[in-house]
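I opened this notebook to keep a record of what I looked up, beginning with contacts between chains and then turning to helix packing.

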Protein chains: 4
Amino acid sequence: MGFNSSGTLMSRKKLPPIRSSIAWSDAQTINVHGFDLCKDLLGKVDLGDMAFLQLLRRLPTRNESIVFNSMLVSLVEHGLTANTISARLTLLGAPESLQGAVAAGLLGLGSTFVGTIEGAARLVEENPLDSTEPDAIARKAESILDKFIAQDQPIPGIGHPIHKPLDPRAERLFEIAREQGIDTRGEMLMRAVSRAAEQRLNKVLPVNVTGAIGSISTTLGLPWRITRGLGVMARSLGLVGHLLEEMQQPIAKSIWYHAEEEAEEELKTR
Amino acid sequence: MGFNSSGTLMSRKKLPPIRSSIAWSDAQTINVHGFDLCKDLLGKVDLGDMAFLQLLRRLPTRNESIVFNSMLVSLVEHGLTANTISARLTLLGAPESLQGAVAAGLLGLGSTFVGTIEGAARLVEENPLDSTEPDAIARKAESILDKFIAQDQPIPGIGHPIHKPLDPRAERLFEIAREQGIDTRGEMLMRAVSRAAEQRLNKVLPVNVTGAIGSISTTLGLPWRITRGLGVMARSLGLVGHLLEEMQQPIAKSIWYHAEEEAEEELKTR
Amino acid sequence: MGFNSSGTLMSRKKLPPIRSSIAWSDAQTINVHGFDLCKDLLGKVDLGDMAFLQLLRRLPTRNESIVFNSMLVSLVEHGLTANTISARLTLLGAPESLQGAVAAGLLGLGSTFVGTIEGAARLVEENPLDSTEPDAIARKAESILDKFIAQDQPIPGIGHPIHKPLDPRAERLFEIAREQGIDTRGEMLMRAVSRAAEQRLNKVLPVNVTGAIGSISTTLGLPWRITRGLGVMARSLGLVGHLLEEMQQPIAKSIWYHAEEEAEEELKTR
Amino acid sequence: MGFNSSGTLMSRKKLPPIRSSIAWSDAQTINVHGFDLCKDLLGKVDLGDMAFLQLLRRLPTRNESIVFNSMLVSLVEHGLTANTISARLTLLGAPESLQGAVAAGLLGLGSTFVGTIEGAARLVEENPLDSTEPDAIARKAESILDKFIAQDQPIPGIGHPIHKPLDPRAERLFEIAREQGIDTRGEMLMRAVSRAAEQRLNKVLPVNVTGAIGSISTTLGLPWRITRGLGVMARSLGLVGHLLEEMQQPIAKSIWYHAEEEAEEELKTR
């Protein structure tokens, strides 16, 4: 019998059977979530629809497709960030392994960056509005704020160091969602939380892009626990773009040497 | 001065400046490859178009969009494969780190699986057809085959253990490309290589999905060195889908315990 | 100026200079934490001592070396676990990238498995004993227990599904630490917590190997936040061993196909 | 039945049983490669010996232990390199996932850096000396050189941009190996290759640390295919050290912002 260093696992009776309902295939057919890949999907759905299908087990309506694609598109590219630099440095050491460089880039998508999507989605999922009456929403926002402040935790989905007084991506995503007839209660709640926080903390704290995405993805039916996956999906596309640029005009060595030289200078001048 | 264990790097004079032409932003604007993210892209392009933009620095035409999205869609989901299992096992150990589980899944996208896209793309890129005359194509295919056989290397992009006598995904992707008016010389070459190999080796060796994708992406202008990235992009979407299923009906522990128990039984019966 | 999806970063004034005090080199010398690698370390210290140097910036005494090496040795090999299987599956897909397969294996070392080392180390670090009087220790253990139970959290470092009534690794590690004259207050506290939990919860809950390691590493001076790193260091050695076995007698494909076939059978019999 | 995008796998008859001979355990015992972990290993062997056991399935002699530990110790720490920077950047984004940051760092250990160990080990493994007569060795070195030059490939294990005219680590490792009575034929061959290359190419090309390690590990019985694993093992220790320093005096944000700002300046001055 096996073992591990933890006490939390290992009672191995009555484990569930191994099963997966996502895909099957035979010589002529590949079936994904009940659709024939070649007949029903190829040439008919776009990549965002396919991501929607993977997460919600059905194809989006046309309206949902536009909203869902927009959310993912907004997350693809963030410039020369910590994680695109990490991917580029990894490619320098292992140019034969593109997948390794993308993986290194994805590993930085933790609590500091994309984790706030989760937080905002959870906030909206756990606080459904039973009334769209402004005062009721404001009271709900205040009570949400109370909880975060009592636990000394940052309020997810609001505030941005650069995009002030509004985050243009959040505004545009909410606008698209409204244009496409998506339920706006999530937006109402996030905006109320933003207003309450701005007043209480006396800071500019607009709903940011992760707040909009957290809210809209909850409205579309995504469980909050998987919303970090939206960032992972989108950034994997962005990372491949950065790695192509790195192949064509490499900068990883310059970044490395600059850091090393500054560190050595600092060490010598002590 | 720093050091490393290799003799191939480290002459640090005249390194290029650090630069990246992909994106920049200020308080009101996010610009990606020359487009205003909020005005030009959100609500207007789909996720596949955004991937196209990252790789080719321009938006696709409507025809290209359909073809490119189809290629990516065909790669998203392959069922319970080695790498989706690896991602699920990783989530079991680190449920707090979705990005780590996706990264673990991507790391298996090496030479055995998606690497063949690269091979097919390179074959097409390095053998441009200057004539569409059938005999000329057949001769070129024979000479390509000669080289692979002389070097005792597998011919990329042809053959499939299950999808015989034709790979339905390859057939459908080629059909979509033709419908959308994409240049068909890559298809002609890959089919000629398939025919030549079938005759020479007396086996059923249809152009497979990686052959179709390698060929079409070369036609669209992608450098072969980045084509593995198509698999990486698409599979990251598929992996998030598998991890959502794993959260909802976990099987990783069953897979692990089955393997461990079979291994122990084997050890005991020696 | 760049941007990201989070509001928590990006005020970029007064960032610290880039510096690192770990190593420097010139043509003749490599210096690590103040030691000349070739003269002071090679041939004189073992791999565990080098890990100690990396974490505590000094070489261990002979006693500390024995204790620290033992802790790491105890973590190297855990058989066919979720993460060794994940590493093997990854090698199947990317045999050219050993580092990728090890990385995939490490990614599973999250909160479920090695995370408990951190918890136990933190428990000991945050509850220093000012008296070794048995009743005082028992009272401290009770109050620790109260906190975990009030927060409905598992008590780290105690309990094991297989190793009962005692975890032989924990017993041996504590024994080695005593033989080498290491301060035993951490052991006393962990044992008191175990006893208190056994009485309160009426279960067999011995100090397990992660409890012993968490406690001893705190005694040696390691900050709790880095103790997960002991597991990462040790398991990377174990993973390379598994990958060598996988190269010589591969089983990844058997594990994959078994899982896939069971999943399909289940799908068909619905 | 499942499927994948490659034609090279998937004939699923007669797969081998799932087995692993590395470790087993029951309530009282953990057995690793035939040794009782608690009785035979803990307190008695060091971490390098444990790595040796994982790779060679036996414990090292005292002489072998010193040599093997030295090789690993020489690889632990290389200062602020591309991969330690990548690990630090990853920790910035996902501070909750130390294993992810180490994994990101390991992913850069590809063909550019540690891959040369493999090359040197393979060179020595595939060219066993049947005579230690100097002229015979010189002739063998020349013929090896011929092959690399004919294929236009770099000669692994020789040359270093900084450590000239000799690499002090290589010299010290060879010295330790001789002191411990390890067979010196690998050293003779590598030195002959270095001399031949220096004459032929008129450059300073000493045996470097990867050449010494490749040669000595072959002499100890390691298959060349696993020698990259020595770098992976050792660097995982070094990476944890860098991540501890990053927790205590963070520099990742400074590295990121410097790169981003330089990139933007460059973009603006076009």
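Which side chains meet in a salt bridge at 3.8 Å, N to O, with one partner in chain B and the other in chain C? I was working with a predicted model, and I found that the partners are Arg228(B) and Glu96(C).

**Entry 1, chain B with chain C.** I looked up how many salt bridges the rule finds across this interface, and the count is two. I then went to the contact list, where 34 residues of chain B are in contact with 34 residues of chain C. For the buried area I noted about 2,800 Å², with carbon and sulfur atoms giving 64% of that area.

**Entry 2, chain B with chain A.** I repeated the lookup for this pair and noted that 99 residues of chain B touch 97 residues of chain A, while the area buried between the two chains is about 8,200 Å², of which 68% lies on carbon and sulfur atoms. The salt-bridge count between chain B and chain A is two. I recorded the bridge formed by Glu245(A) with Arg57(B), in which the closest N and O atoms are 3.8 Å apart.

**Entry 3, H3 against H11 in chain B.** I next took helix H3 of chain B, residues 62-76, and found that its axis lies 7 Å from that of H11(B), at an angle of about 55°. Since angles from 35 to 65 degrees fall in the oblique class, H3(B) and H11(B) are therefore oblique to each other. Their crossing is right-handed. On the H3(B) side the contact is made by Phe68(B), Met71(B), Leu72(B), Leu75(B) and Val76(B), and the residues of H11(B) that take part include Leu230(B), Met233(B), Ala234(B) and Leu237(B). By class I noted nine nonpolar, two polar and one charged residues in the contact of H3(B) with H11(B).

**Entry 4, H5 against H11 in chain B.** I then looked at helix H5, residues 98-106, and helix H11, residues 228-248, both of chain B, whose axes come within 9 Å and cross at roughly 125°. H5(B) and H11(B) are therefore oblique to each other, and their crossing is right-handed. In H5(B) the residues that meet H11(B) are Leu98(B), Ala101(B), Val102(B), Gly105(B) and Leu106(B), and among their partners in H11(B) are Val232(B), Arg235(B), Leu239(B) and Met247(B). The contact of H5(B) with H11(B) divides into nine nonpolar, two polar and one charged residues.

How values were computed: Residues are numbered from 1 along each chain as its sequence is written. Chains are lettered from A and ligands numbered from 1 in the order in which they are written. This is a predicted model: local features need pLDDT of at least 70, side-chain atom pairs count only at pLDDT 80 or more; totals for chains, interfaces and linings use all residues. Side-chain values use heavy atoms; hydrogens and water are left out. Axes are lines fitted to C-alpha atoms, for helices over the stretch in contact, and angles run from 0 to 180 degrees between N-to-C directions. Helices (H or I, at least four residues) and strands (E, at least two) are DSSP runs, numbered from the N terminus. Angles under 35 degrees count as roughly parallel, over 145 as roughly antiparallel, 65 to 115 as roughly perpendicular and the rest as oblique. A crossing is left-handed if the near helix is turned anticlockwise from the far one by less than a right angle, and right-handed if clockwise. Contact means heavy atoms within 4.5 Å. Ala, Val, Leu, Ile, Met, Phe, Trp, Tyr, Cys and Pro count as nonpolar, Asp, Glu, Lys and Arg as charged, and the others, Gly among them, as polar. Buried area is the accessible area (1.4 Å probe) that two parts lose on being put together, summed over both. A salt bridge is a side-chain nitrogen of Lys or Arg within 4 Å of a carboxyl oxygen of Asp or Glu.
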